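Here is a friendly walk through one protein model, meant to be read with the sequence and the 3D view side by side. Please keep both open as you go.

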Amino acid sequence: MKTLHRYLLRQVLATLLMTLLVFTFILLLADGLKEILPLLLKQQVGVLKVLEAILLLVPWMLMFALPMGMLTATLLVFGRFSADQELTAARASGISLLSLAAPVLALSLVCCGLSAWVNLQLAPQCRVAFKNLLIDIGWNQPSLYLPENQYVTDFPGATIYVGKNNGKEIKDVMVYLIQGGSNIVMQLNAPRGDFQVDRTNRSLEIRLFDVRSVTLTEGRLNWQSWGEWSQQFDLAQATKAAAKPRISDMTYTQLREELRRLESQVMSGGEGTETNTDLKWRRAEILSPVRVQLHQNIAFSFACFGFALVGIPLAIRVHRRETNIGMVIALLLVGVYYSFLILGGALETHPRLYPHLIMWVPNFLFQGLGAVLLWRANRGT
């Protein structure tokens, strides 16, 4: 029995490490490095900065790769174990499937603990560090503050769009000057321009040429043209705005503190003319995004156990040893699991639908279904 346990654990661990490398690499290429690799190709940052960025992104990718790797490992190992008739031999020796699966399920619980640490602490911290690295690169490479084909809202009092940016000149520029946080007082369009950074005053000066502007005065549009227009923008405030962590980048402690802060704010607000029910749901709408993110991070930490419970009996039923079959099944199951997380995230501003509880549905579904399938597989049905 101990020999079989060691054999299965070695196989699962080896396959888990292999799939972790594969999935992490794929996720890095697909999503993580899209902000940093173009800078390397344009020789705007060095190789060391890119390596530092990769190291900071790995924990974030590991948050998703670990459950996927656990599922794939169980599917591949137990699929081969069944296809090679090793499971039949073990049963003939009086060893049940539950006994064989116990060490692997224990390993999945260990992975749950590791996943919890990554989800709740390590990944958010590394994600914030990665964004700070981009800000640092942006200070050394000011063109990053004006990315191509994006509306930049980090500069106070303005929204800026740049069609092309080669690091020195900008083309197809639109600038919206804003007052009161949301009122657009002027729109400027220019086919070309340039920018300079004042490192002493931490400011960015933008110059536009052949400018056309439009303003709304007393309900009428007024058009003007200038040969040249320039304005300075505060980089310090833009950097501060970019450095503030979003809800999705907060650690468990930060999310709890943010939730308590919002609760104290909404509870101190007056009731006005609203009914108690309306006030309750209005306050819940404010709290809901933070609550959803908190529940998502905690619930996702238990994904490894649910995937292992489903993966073991499913691999035996499929009874195949091919790696590609196991990968396809794993991707399908992961797609089902993530669909609930996406649904909960999409409904985060609708507290009446309890989106934070939707985050727990895939765990209950996979663990319940996995327990039934494992019990039936153990009975040989």
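## An unusual backbone angle in strand 3

At 47% relative accessibility, D172 counts as partly exposed, where buried means under 20% relative accessible area, exposed over 50%, and partly exposed in between (1.4 Å probe, protein chains only). You will find D172 in strand 3, residues 169-179. Helices (H or I, at least four residues) and strands (E, at least two) are DSSP runs, numbered from the N terminus. What makes D172 worth a look is its positive phi of about 55°, although D172 is not a glycine.

Before going further, a word on the source: this is a predicted model, in which local features need pLDDT of at least 70 and side-chain atom pairs count only at pLDDT 80 or more, while totals for chains, interfaces and linings use all residues. Residues are numbered from 1 along each chain as its sequence is written, and side-chain values use heavy atoms, with hydrogens and water left out.

## A second positive phi, in a loop

Y354 also has a positive phi, of about 50°, and is not a glycine. Y354 sits in the loop between helix 10 (323-346) and helix 11 (355-358). Is Y354 buried, partly exposed or exposed? With 42% relative accessibility, Y354 counts as partly exposed.

## A contact made by strand 2

Strand 2 covers residues 158-165, and I160 is part of it. The relative accessible area of I160 is 2%, so this residue is buried. In sequence, I160 and V175 are 15 residues apart; in space, their C-alpha atoms are 4.6 Å apart.

## Salt bridges across the strands

How many salt bridges does the count give? The count comes to five, taking a salt bridge as a side-chain nitrogen of Lys or Arg within 4 Å of a carboxyl oxygen of Asp or Glu. One of them joins R207 to D194, with the closest N and O atoms 2.8 Å apart. This pair links distant parts of the chain: R207 belongs to strand 5 (residues 203-217) and D194 to strand 4 (residues 183-198), with their positions 13 residues apart in the numbering. The two partners differ in cover: D194 is buried at a relative accessible area of 16%, while R207 is partly exposed at 27%.

R207 also meets E228 in a salt bridge, at 3.8 Å from N to O. Because R207 lies in strand 5 and E228 in strand 6 (residues 220-234), the pair ties together parts that are 21 residues apart in sequence. E228 counts as partly exposed, with 45% relative accessibility.

## A salt bridge within helix 7

E258 and R261 form a salt bridge too, their side chains meeting at 2.6 Å, N to O. Both residues lie in helix 7 (residues 252-268), three residues apart, which is about one turn of the helix. E258 is buried, with a relative accessible area of 18%, whereas R261 is partly exposed at 38%. Back among the strands, salt bridges that share partners join D194, R207 and E228 into one network.

## How the helices cross

Helix 1 and helix 3 (residues 47-83) have axes that come within 6 Å and cross at roughly 135°. Axes here are lines fitted to C-alpha atoms, for helices over the stretch in contact, and angles run from 0 to 180 degrees between N-to-C directions. Helix 1 and helix 3 are therefore oblique to each other: angles under 35 degrees count as roughly parallel, over 145 as roughly antiparallel, 65 to 115 as roughly perpendicular and the rest as oblique. Their crossing is right-handed, meaning that the near helix is turned clockwise from the far one by less than a right angle (anticlockwise would be left-handed).

Helix 3 also packs with helix 9 (residues 303-318), at an angle of about 20° and with the axes 8 Å apart. That makes helix 3 roughly parallel to helix 9. The crossing of this pair is right-handed.

## A nonpolar patch on the surface

Which residues make the nonpolar surface patch of about 470 Å²? They are M18, V22, F25, I26 and L29. V22 is placed in helix 1, residues 2-30, and is partly exposed, with a relative accessible area of 36%. Patches are made of residues with over 30% relative accessible area and no salt bridge; like charges are joined within 9 Å, and nonpolar side chains (Val, Leu, Ile, Met, Phe, Trp, Tyr) within 5 Å. Accessible areas come from the Shrake-Rupley method with a 1.4 Å probe, and for residues only the protein chains shown count as cover.
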